[in-house]
Amino acid sequence: MSEKLKIKLSIADRVYPLTIDPDQEEGLRKAAKNIEQLAKKFVQNYAVRDKQDVLAMCALQFASKIEQKGIEQTEGTKEVEDRLRALSELVNSKISF
């Protein structure tokens, strides 16, 4: 069992102390950086002053990307299944006597 690591992440002018597994550090730091960058864009482009609104918009942006990827994967999986089914039918029709 690996030792826990104590880090501090700054998001929307607040510091969040976390105790994590060392292998999570890079991902968490990148995520915090992405949130900060996106929040800065929202503040600049939409003149939003309330940090809660900015964070809600960030959450929506990231969640929608995850959901869209899931939808695209599902559609891709269905296409592959359809092709495999057609190939299977073709093979079965050729080997049937």
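These legends describe a predicted model of one protein chain, view by view.

**Figure 1. The whole chain: two strands, then two helices.** The protein chain holds two helices and two strands. Read from the N terminus, the order is β-β-α-α. The radius of gyration is 23 Å, well over the 13 Å that the globule rule gives for 97 residues, so the chain is more spread out than a compact globule. Along the principal axes, the C-alpha trace spans about 75 × 45 × 15 Å.

**Figure 2. The surface and charges of the chain.** How much of the chain is buried? Buried residues account for 12% of the 97 residues. The accessible surface comes to about 8,400 Å². Carbon and sulfur atoms supply 55% of that surface. The chain carries 17 positive and 16 negative charges. The mean positions of these two sets lie 5 Å apart. Contacts can also be sorted by distance along the sequence. Take the contacts between residues at least 6 apart in sequence: 18% of them join residues at least 24 apart.

**Figure 3. The hairpin of S1 and S2.** Strand S1 covers residues 5–11, and strand S2 covers residues 14–20. The two strands run antiparallel. Seven bridges join them. Which residue of S2 is the bridge partner of isoleucine 7? The partner is leucine 18. Two residues lie between the strands of this hairpin.

**Figure 4. The turn of the hairpin: alanine 12 and aspartate 13.** Alanine 12 sits in the turn and has a positive phi of about 55 degrees. Aspartate 13 lies in the loop between S1 and S2. Its phi is near 65 degrees, also a positive value, and the residue is not glycine. Why do such values catch the eye? Most residues other than glycine have a negative phi. Is aspartate 13 buried or exposed? Aspartate 13 is exposed, because its relative accessible area is 63% and the cut-off for exposed is over 50%.

**Figure 5. Alanine 47, between the helices.** Helix H1 takes in residues 25–46. Alanine 47 is found in the loop between H1 and H2. What is the phi of alanine 47? The angle is near 50 degrees, a positive value in a residue other than glycine. Alanine 47 has a relative accessible area of 51%, so this residue counts as exposed.

**Figure 6. Methionine 57 and its contacts.** Methionine 57 lies in helix H2, which covers residues 51–95. Which residues touch methionine 57, once neighbours within four places in sequence are left aside? The contacts are Phe42, Tyr46 and Val48. Methionine 57 and phenylalanine 42 are 15 residues apart in sequence. In space, their C-alpha atoms are 7.9 Å apart. The relative accessible area of methionine 57 is 28%, so this residue is partly exposed. That label fits values between the 20% limit for buried and the 50% limit for exposed.

**Figure 7. Isoleucine 95 in helix H2.** Isoleucine 95 belongs to helix H2. How far is isoleucine 95 from glutamate 75? The two residues are 20 apart in sequence. From C-alpha to C-alpha, they are 30 Å apart in space. Isoleucine 95 counts as exposed, because its relative accessibility is 53%.

Notes: Residues are numbered from 1 along each chain as its sequence is written. This is a predicted model: local features need pLDDT of at least 70, side-chain atom pairs count only at pLDDT 80 or more; totals for chains, interfaces and linings use all residues. Side-chain values use heavy atoms; hydrogens and water are left out. Helices (H or I, at least four residues) and strands (E, at least two) are DSSP runs, numbered from the N terminus. The radius of gyration is taken over C-alpha atoms; the globule rule is 2.2 Å times the number of residues to the power 0.38. Buried means under 20% relative accessible area, exposed over 50%, partly exposed in between (1.4 Å probe, protein chains only). Contact means heavy atoms within 4.5 Å. Accessible areas come from the Shrake-Rupley method with a 1.4 Å probe; for residues, only the protein chains shown count as cover. Lys and Arg count as positive and Asp and Glu as negative; His and the chain ends are not counted. The place of a charge is taken as NZ of Lys, CZ of Arg, CG of Asp or CD of Glu. Two strands pair if DSSP finds at least two bridges between them.
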